[in-house]
Amino acid sequence: WSVQWAPFEISGGGRTLASSEGHVSWPQGGGPPIAATGKWSADLEAVAACVVPPTRQWIRGRTASGDFSALVGASTKVEGKMTALGHSAHSSVVATVSAEIGGGGVVRLHAPLTIEAGPEVSDVSVDGSAIGRSGGNRMEFTLSGKSASVEQLRLLAAPLLAETPSSPEDPRAGVADHPDRAATGEPRPFWGPWNGLVAVAFDQLRAGGRKFDYVRGTFNVGRDSIRLDHGMFQLAKDKLTTVDGMLSWQPDAPRPYRIKATAALGEVDAASLFTGLPSGTDPAITGRFSVDGTLTGEGRSLNDLIGHSEEEFKLASHGGIFRLLKTSVAEALPPAPEDSAVEDALGRVGSVVGKFFSANRGTRAANGVSRLAKSTEAVLNFSYAIAEFSYDSLTLTAIRSADGSIRLEDLAMAAPDEH
C-alpha cells in the first residue's frame, strides 16, 4: 500500500506555518522497511510568533525548506537537506543530515553545515550519538571544521540558550526554563538533563575579532557543570597554548552561573600581539613575553554571564624595547597662550632636557606649524626623550572587560642606568 499527501498544511494566526508533500509506501507482503520521501517548507517568522513562547524566542530567520527520505524497519534511517534563510542578504544555514535511530533509542547523527552571515562563513560538521534515559540524556558529539566563528556556532545551541529574562525579584531568574523543569519541579541549567562529552576540533576558530589556529578540546558536561579538558590552540607559530576551565551552576546563588578558565600562553613574540599596524609602524613593545591569562565571571543567565566576565593577562619579559609613549601629537597640541614668567621657566627647563637627551621634537616650523606654549613644548621635549627606550625587565597586568575596555592594574619596569 502507499499514501500520498499534497500538500499538508499547518496554519495559525491566519498564516500558513508549514506545508509538506510526500509519499509513504509499504512493500508487498507487509514486511519492512517502510519507505518515505517528501519535501517541506516553513515560515519561521510565523512559527516564532504563534508557537514559541515569548520568553524562549530562539527561532531566528525568515523561511526554511528542505527534502527528506526515510527507511523504517528494525532501525530508522533518515537523510535530508535543509536551507534556512535569514532576514538579510547572505544570511543562511545549509545542512545535509544523515541520522539513524537504533534499538534502545540511540540516535547517531552526521550533519555537515554551512553557516553564512554577511562576509563570514563557517563550515562545521556535527558527528556523534545521543540517547534519552529516565535518569538523564547522554550525548557524545564532535564539532569540527576548517574555519568557524564562535558567534555563528551559537546558532546551533539557540534552543538551549533561549533563557527567560532575568528579574530582580527572582534570584534564580534567567535559568533556562527547560521542559523537564515542569516534570521534576527542579530548576535546571541551560543544558537541561544532558550529560556527556562534546569535543571540538577546528583548524581555525574566530572569536572577538581574533583568529585561533588548531583549536582542540573536550567539554565534559555534568549535572551542575561543564568542564573543559585538554583545551589547546595555537596563538603563535609552532606554539600551542593550553586552556583549562569550568562553567558551574549553583541554583541557589543570586548569580547561578560562574566561569573560571586559565590559559598558559607560554613565551610569545610581543610583535605578534600588535597586529594590524600601518606599514612602517613599530609595535609599542618588542621582546619576548611569557603570558598567562585568566577568564572569570558570573551571571544570572548565559548571556548575563558573558556581559559580566573579564579577562586578566599577566605578561613578563626580560629585555626589549618600550614605545608606549611614542606618539604623534602635532595635530593635538594647543596653541601658545600669552607668555608668562612660569612658562618661560618651563621652556628653559624643557630646552635643557631636550638638549641633554639630544631629542628631536619632530614639530613643524612656522610655515604651517602651531606655535606651542613653552610649557607644552617642555612636556613634548621630555616625551620625545623617553618615547623609546630599552628595558631589562618588564611585568604588566591588564584587565579587559566585557565591553572591550582595557585597564592596567600593574606595571613594573627596570631599565638600563642610562635611562
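A residue is called buried when its relative accessible area is under 20%. By that cut-off aspartate 304 is buried, because its relative accessible area is 17%. I begin there, and I should say at once that the model before you is a predicted one.

Let me stay with aspartate 304 and introduce its partner. Which residue forms a salt bridge with aspartate 304? The partner is arginine 255, and the closest N and O atoms of the two are 2.8 Å apart. This pair links distant parts of the chain, with the two positions 49 residues apart in numbering. Aspartate 304 belongs to helix H5, residues 302-307, whereas arginine 255 sits in the loop between strand S13 (239-249) and strand S14 (257-269). Arginine 255 is partly exposed, since its relative accessible area is 25%. The bridge therefore has a buried acid at 17% and a partly exposed base at 25%.

How many salt bridges does a search of the whole structure find? The total is 10. I will describe two others and then a network.

The next one is between arginine 15 and aspartate 43, where the closest N and O atoms are 3.1 Å apart. Here too the pair links distant parts of the chain: arginine 15 is in strand S2, residues 15-25, aspartate 43 is in strand S3, residues 34-43, and they are 28 residues apart. Arginine 15 counts as partly exposed because its relative accessible area is 37%.

The other is formed by aspartate 229 and arginine 227, with 2.8 Å between the closest N and O atoms. Is aspartate 229 buried or exposed? Its relative accessible area is 18%, so aspartate 229 is buried. Arginine 227, at 34%, is partly exposed.

To return briefly to aspartate 304 and arginine 255, that pair connects helix H5 with the loop between strands S13 and S14. Turning to the network, salt bridges that share partners join Glu310, Arg407 and Glu409.

Glu310 also appears in the surroundings of arginine 400, a residue of strand S18, residues 393-400. Glutamate 310 and arginine 400 are 90 residues apart along the chain, and their C-alpha atoms are separated by 5.6 Å. Beyond its neighbours within four places in sequence, arginine 400 is in contact with Glu310, Glu311 and Phe313, with Ser405 and Ile406, and with Arg210.

I move now to strand S8, which spans residues 120-131 and contains serine 122. Serine 122 has 0% relative accessibility and therefore counts as buried. What does the side chain of serine 122 reach at 2.8 Å? That atom is the backbone nitrogen of serine 149. In addition, the side chains of serine 122 and glutamine 152 are joined by a polar contact of 2.3 Å. Setting aside residues up to four places away in sequence, serine 122 touches Leu113, Thr114 and Ile115, then Ser147, Ala148, Ser149 and Gln152, and finally Arg206. Both polar partners, serine 149 and glutamine 152, thus appear in that list of contacts.

Alanine 130 lies in strand S8 as well. Alanine 130 is counted as buried because its relative accessibility is 13%. Its contacts, leaving aside neighbours within four places in sequence, are Gly105, Val106, Val107, Arg138, Met139, Phe141 and Trp194. The C-alpha atoms of alanine 130 and isoleucine 101, which are 29 residues apart along the chain, are separated by 9.7 Å.

Finally, some points of backbone geometry. Most residues other than glycine have a negative phi, and most peptide bonds are trans. Against that background, three places deserve a look.

Where is the cis peptide bond? That bond joins alanine 6 and proline 7, with omega at about -15°. Proline 7 is part of strand S1, residues 2-12.

Tyrosine 214, which is not a glycine, has a positive phi near 50°. This tyrosine is placed in strand S11, residues 210-221. With a relative accessible area of 37%, tyrosine 214 is partly exposed.

Histidine 230 likewise has a positive phi, about 55°, although it is not a glycine. Its place is in strand S12, residues 225-236. Histidine 230 is exposed, because its relative accessible area is 64%.

To close, I return to the residue with which I began: aspartate 304 is buried at 17%, and aspartate 304 forms a salt bridge with arginine 255. Thank you for your attention.

Definitions and conventions: Residues are numbered from 1 along each chain as its sequence is written. This is a predicted model: local features need pLDDT of at least 70, side-chain atom pairs count only at pLDDT 80 or more; totals for chains, interfaces and linings use all residues. Side-chain values use heavy atoms; hydrogens and water are left out. Helices (H or I, at least four residues) and strands (E, at least two) are DSSP runs, numbered from the N terminus. Buried means under 20% relative accessible area, exposed over 50%, partly exposed in between (1.4 Å probe, protein chains only). A polar contact is a pair of N or O atoms within 3.5 Å; within protein, one must be able to donate a hydrogen and the other to accept it, and residues adjacent in sequence count only if both atoms are side-chain atoms. Contact means heavy atoms within 4.5 Å. A salt bridge is a side-chain nitrogen of Lys or Arg within 4 Å of a carboxyl oxygen of Asp or Glu.
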